[in-house]
Amino acid sequence: MPADGLNSPRVSQGRRSGGDQKDASPFPDKYDMRGTRVLSIYKSRITEVPAQVFEEAREELVNVVQLQDNRLCEVPKDLHMLGELLTQLDLTKNQISYIPTNISQFSRLTCFNVSCNLLRDLPLEFGGLQLLCELDISFNRFERLPRCIYDLQSLESLLAHDNHIEDIDASETGLGALKNLRVLDLSNNDIRQVPPILGNMRSIVTLNLMGNPLRQPRHQILSAGTEAIMAFLRTRIPLSQ
């Protein structure tokens, strides 16, 4: 899409933008990224991102990358050029089936959205993202929460709805290790039982378990909201715990 002239008035001379909008490249140039520090390529059917785009993004100190609704089958291999800058990464609605082990190099990442992909697991190295506050892995193919998630000490929001998750580990080596977790969405999965000790995670202010084949808590309690669910769970904790 041609530049709007805000940062570069000579629109017709843009390096990647042509006079005919049909032929315009989906990739932004440095003028698009300058000032915003955002690299955004939305709904453009791209399957890869040229290295030159990331080179220019690095020059413009881009720290937010948005690549939603494309046809990426993997995390762009040249994204590493932003390793020391990236704070937000959005890969929603692609065809990504794995996350590379070098994901841990993005040590400043605070928000990662990889919903609506083909993921079944995350690498152990993912647990090295110690500044990550928000993680969205909804609408994938997870059958369990990857264990590396329990190493994310700064995590405040975990959205994992619409997967095939079958159980919840709320122990001190599971979700119980996430002392800052405030939002947990496990709706529309295959969970049949909720461990009562989940009720001891008092940092949680929003809990969604709707759409699971649960015997307990019943729908009436689930629909009453987070406080009601947590209170019910605490009544089910054996005295020995």
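**Exercise 1.** Where is the place of Arg37? Find it in this predicted model, then check its backbone and its exposure.

*Solution.* Start with the neighbouring elements: Arg37 sits in the loop between α1 (30-33) and β1 (38-40). Next, look at the backbone, where Arg37 has a positive phi of about 60° although it is not a glycine. That's worth a second look, since most residues other than glycine have a negative phi. Last, exposure: partly exposed covers the range between 20% and 50% relative accessible area, and Arg37, with 36%, is therefore partly exposed.

**Exercise 2.** Run the same checks on Asn188.

*Solution.* Asn188 belongs to the loop between β7 (183-185) and β8. Its phi is positive, about 55°, and Asn188 isn't a glycine either. With a relative accessibility of 36%, Asn188 counts as partly exposed.

**Exercise 3.** Which residues does a cis peptide bond join, and where does Pro217 lie?

*Solution.* Go to Gln216 and Pro217: the bond joining them is cis, with omega about -5°. Most peptide bonds are trans. Then place Pro217, which is found in the loop between β8 (206-208) and α3 (219-222).

**Exercise 4.** Describe the largest nonpolar core, then zoom in on Phe112.

*Solution.* The largest nonpolar core has 65 residues, and Phe112, Phe126 and Leu135 are among those with the most contacts inside it. Both α2 (51-59) and α4 (226-235) supply at least two of its residues. The largest share, four residues, comes from α4. Now for Phe112: leaving aside neighbours within four places in sequence, its contacts include Leu89, Leu91, Ile99, Phe126 and Leu135, along with Glu134 and Asp136.

Methods. Residues are numbered from 1 along each chain as its sequence is written. This is a predicted model: local features need pLDDT of at least 70, side-chain atom pairs count only at pLDDT 80 or more; totals for chains, interfaces and linings use all residues. Side-chain values use heavy atoms; hydrogens and water are left out. Buried means under 20% relative accessible area, exposed over 50%, partly exposed in between (1.4 Å probe, protein chains only). A nonpolar core is a set of buried Ala, Val, Leu, Ile, Met, Phe, Trp, Tyr and Cys residues joined through side-chain atoms within 4.5 Å. Contact means heavy atoms within 4.5 Å.
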